Every structure is written in C-alpha cells, then in structure tokens.
Amino acid sequence: MLHRGQESTDGAGGGELTVPMAWLYAEYIADELLRSGDLMPPTSFEFRAGRDALALTVFLSDTDGELSGIQVVSQLENWLSLTAYDQPWQVWVDERMTELAADAAAAGGPSPDLDLARAAWRWLEETELLAPDLNAVPGGGPVIGEDEGPKVWTPAWQLGLPLGHLAIHLF
C-alpha cells in the first residue's frame, strides 16, 4: 500500500491531484488514539496539539512508507519511546523532516505529505497555549482548583507531546 503521496489514483504526472495519503493516515491514527483516551475535548487546541504531535511521530517514524493497519499495534512501543519525556523529540522531528525533504528533492518533485507535516510542525512550534505551570514552586499559597493555579504560555508541541504519549499508554 503506497502512502507517500507520489501517485494519485490515476498515476503520476499530467497535473493530476496527488493525495497525501501518508499524512492523512498518520493524522487518522493520531486522532483515533487521542479519542480513545478521552483526555481532551476534540474541539480544543490541546487536542489539536496532541493530534499533530502524534501525527508527526507516526508519519516521520514510518521509514518504509508502508504503514498498514496491522502494523499500528507493533509500532506503539516505538511511538512511546519517541514521545517519552527524556527524548529530544523536536530535534528528531527536524532531522527526519530534513531527510524527507532530501528524499523528495531526489525524487524530483514536491511531497504533499511533507508539506502537510511541515505545516503541522510550524503550527506546533509557533503556537503557544496557556497551560498550568508544572515547574511552579509548591507552597506559594493554597490552590483551590486546577484552573486557579499558576499558568504559563507554552509551545503547543510541549503540551501535545505528553498528551499524545499518554494517549498511546491508554490505548
């Protein structure tokens, strides 16, 4: 099953529409993992951050371009290790994007999958979401509810990545 978006249903060339199946499939997997975990409302920015971070992980870890439905379960451990707290995920994303861009250039054409992945990565890097300050010093006063604690502006990927990691655990 080809997913790299190099061919449309009518073949390559001739100005035909190229469907970015690899990215769409990765996004679908990420969406399903997050929905099954029921961690955030699907309409929230936090959900989008988690879905985009997971979709990038799924898309960029598929080195063969052949991720099928049956392989999803076998990849869960790999995705867990890539999204773990102590891993340099953002560095890995940059490196894999560079590799895929070189592959696309060598293949002689643009990659709609890579274009969508770049857009997701750009959104994750440039968007900041207001989140609880997990580094706040305890004892700074009583906190009555979770919405009343200290908050900080955080890049979307830093919220989405742990959310995606937790969704994989819950799956």
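Helices and strands are taken here as DSSP runs, with at least four residues for a helix (H or I) and at least two for a strand (E), numbered from the N terminus.

**Figure 1. Overall fold of the predicted model.** The secondary structure of the protein consists of six helices and two strands. Read from the N terminus, the elements follow the order α-α-α-α-α-β-β-α. Of the 171 residues in the protein, 41% are buried. Among contacts between residues at least 6 apart in sequence, 70% link residues that are at least 24 apart. The accessible surface amounts to about 10000 Å², and carbon and sulfur atoms account for 56% of this area.

**Figure 2. Confidence of the prediction and the N-terminal segment, residues 1-12.** The protein has a mean pLDDT of 82, with 77% of its residues at 70 or more. Over residues 1-12, pLDDT remains under 50. For this segment the model nevertheless contains 31 contacts beyond four places in sequence.

**Figure 3. Helix α5, residues 112-126.** The helix comprises 15 residues, and at 1.5 Å a residue it should therefore span 21 Å. The C-alpha atoms at its ends are 21 Å apart, in agreement with that expectation. The buried residues of α5 are D113, L114, A117, A120, W121, W123 and L124. An α-helix has 3.6 residues a turn, so residues three or four places apart point the same way. Cover for the buried residues of α5 comes from elements including the helices α1 (21-37), α2 (45-61), α4 (89-107) and α6 (156-170), together with strand β2 (151-155).

**Figure 4. Surroundings of R96 in helix α4.** R96 has a relative accessibility of 10% and counts as buried, because the cut-off for burial is under 20% relative accessible area. Leaving aside residues up to four places away in sequence, R96 touches L60, D62 and T63. Of the elements already shown, α4, where R96 lies, is also among those that cover the buried residues of α5.

**Figure 5. D38 in the loop between α1 and α2.** Phi of D38 is near 50°, a positive value in a residue other than glycine. Most residues other than glycine have a negative phi. D38 is exposed, since its relative accessible area is 64% and the cut-off for exposure is over 50%. The two helices that flank this loop, α1 and α2, both appear among the elements covering the buried residues of α5.

Note on methods
Residues numbered from 1 in each chain as written. Predicted model: local features only at pLDDT ≥ 70, side-chain atom pairs only at ≥ 80, totals over all residues. Heavy atoms only, no water. Expected span 1.5 Å × (residues − 1). Buried < 20%, exposed > 50% of the residue type's maximum accessible area, 1.4 Å probe, protein only. Contact = heavy atoms within 4.5 Å. Areas by Shrake-Rupley, 256 points an atom, 1.4 Å probe, with all protein chains shown as cover. pLDDT = per-residue confidence, 0-100.
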